[in-house]
Amino acid sequence: IRAVLNMHRNCSPYMEKYVLQAYFKMKAIVGGLARMKLRYGPMVRDHLTTLWEQFNRNDGTYNHGWSGGPLTLLSQYVAGISPLAVGYSKYQIRPQLGDLNHVEATVPSAKGRIHVVIARQAGELDMSLESPAGTEGKVMLPLGSMTLSRLEIDGAVVENPKVYNGRVVFGVTPGKWTVKLVGK
């Protein structure tokens with residue numbers, strides 16, 4: 001499927017969202033981000049401040065919400081913010097950064113804003129998270145090629161952190177959190 005998607009670019013901006021979602025579901029994040037930049041880059045770089053109906057600006061009108069699919073994908077898959085229960089009363093942070101070193105996203109929910117900032121550098125990953133009252137979060141941070149040396153949450157070292165499928169996993173309650181993963 002990935003080979004076909006890599007070769008063909010026949011869909012509209014609306015349908016492109018589903019092509020990109022397929023990349024993310026296949027965990028082909030780098031390819032999905034590269035395709036997103038290729039396909040939507042001209043819109044983002046253009047002097048207009050809206051997303052076009054078609055990829056060729058002259059083939060339609062200039063303001064179409066259905067062309068904004070990549071925005072939801074960046075929040076849901078790249079920053080990793082997605083609901084686990086109605087209204088985000090339970091949610092997860094499960095980022096898939098691909099080749100990005102910095103991601104920031106804010107998702108409005110029925111309970112309030114969920115805001116996350118993730119920054120990665122050699123041997124370290126930092127996250128700050130702010131979540132509203134009445135929510136419960138499950139955080140699953142990727143280790144990538146790191147072997148976990150230390151997990152700090154709000155400056156305190158966590159003894160025996162849970163690691164599952166290459167991710168450090170822990171829960172959070174409402175409020176502000178700072179997290180640091182340090183690798184060997």
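**Figure 1. Helix 2 and its neighbours in the predicted model.** The buried residues of helix 2 pack against three other helices: helix 1 (2-7), helix 3 (29-45) and helix 4 (69-78). The structure shown is a predicted model. The residues of helix 2 that count as buried are Pro 13, Glu 16, Lys 17, Val 19, Leu 20, Gln 21, Tyr 23 and Phe 24. An α-helix has 3.6 residues a turn, so residues three or four places apart point the same way. Helix 2 covers residues 13-25, and its 13 residues should span 18 Å at 1.5 Å a residue. The C-alpha atoms at its ends are 19 Å apart, which agrees with that expectation.

**Figure 2. Lys 27, after helix 2.** Helix 2 is followed by Lys 27, which has its place in the loop between helix 2 and helix 3. The phi of Lys 27 is positive, near 60°, in a residue other than glycine. Most residues other than glycine have a negative phi. Is Lys 27 buried or exposed? Lys 27 is exposed, because its relative accessible area is 57% and the exposed class begins over 50%.

**Figure 3. Gln 96, a buried loop residue.** Gln 96 is found in the loop between strand 2 (90-93) and strand 3. The relative accessible area of Gln 96 is 11%, and buried means under 20%, so Gln 96 counts as buried. Which residues does Gln 96 touch, not counting residues up to four places away in sequence? They are Phe 24, Lys 27, Ile 29, Tyr 77, Val 78 and Arg 167. Of these contacts, Phe 24 is one of the buried residues of helix 2, and Lys 27 is the exposed loop residue of the previous view.

**Figure 4. The open sheet.** Six strands form an open sheet, and their order is 3-4-5-11-7-8. The pairing in this sheet is antiparallel. Strand 3 (102-109) and strand 8 (156-157) are the edge strands, each of which pairs on one side only. The next three views look at pairs of strands from this sheet.

**Figure 5. Strand 3 beside strand 4.** Strand 3 and strand 4 (residues 112-121) run antiparallel and are joined by eight bridges. A hairpin connects strand 3 to strand 4 through two residues. Which residue in strand 4 is the bridge partner of Val 107? The partner is Ile 114. Elsewhere along this pair, Glu 104 stands opposite Val 117 in strand 4.

**Figure 6. Strand 4 beside strand 5.** Seven bridges hold the antiparallel pairing of strand 4 with strand 5. Val 116 has Leu 129 of strand 5 as its bridge partner. Strand 4 and strand 5 also form a hairpin, with two residues between them. In the turn of this hairpin, Gly 123 has a positive phi of about 75°.

**Figure 7. Strand 11 with its two partners.** On one side, strand 11 (residues 175-183) pairs with strand 5 (residues 124-131) in the antiparallel sense, over eight bridges. Asp 126 has Lys 180 of strand 11 as its bridge partner. Strand 11 also pairs with strand 7 (residues 148-153), again in the antiparallel sense, over five bridges. For Leu 148, the bridge partner in strand 11 is Gly 183.

**Figure 8. Asn 165, in a loop between strands.** Asn 165 lies in the loop between strand 9 (162-164) and strand 10 (167-172). The phi of Asn 165 is near 50°, a positive value in a residue other than glycine. Asn 165 counts as exposed, because its relative accessibility is 65% and the exposed class begins over 50%.

**Figure 9. The protein chain as a setting for the close-ups.** The secondary structure of the chain comes to four helices and 11 strands. Along its principal axes the C-alpha trace spans about 60 × 35 × 30 Å. The chain has 184 residues, of which 43% count as buried. Among contacts between residues at least 6 apart in sequence, 51% join residues at least 24 apart. The accessible surface of the chain comes to about 10000 Å², and 54% of it belongs to carbon and sulfur atoms. The chain carries 22 positive and 13 negative charges, and the mean positions of the two groups are 7 Å apart.

Conventions: Residues are numbered from 1 along each chain as its sequence is written. This is a predicted model: local features need pLDDT of at least 70, side-chain atom pairs count only at pLDDT 80 or more; totals for chains, interfaces and linings use all residues. Side-chain values use heavy atoms; hydrogens and water are left out. The expected span of a helix is 1.5 Å times one less than its number of residues. Buried means under 20% relative accessible area, exposed over 50%, partly exposed in between (1.4 Å probe, protein chains only). Contact means heavy atoms within 4.5 Å. Two strands pair if DSSP finds at least two bridges between them. Accessible areas come from the Shrake-Rupley method with a 1.4 Å probe; for residues, only the protein chains shown count as cover. Lys and Arg count as positive and Asp and Glu as negative; His and the chain ends are not counted. The place of a charge is taken as NZ of Lys, CZ of Arg, CG of Asp or CD of Glu.
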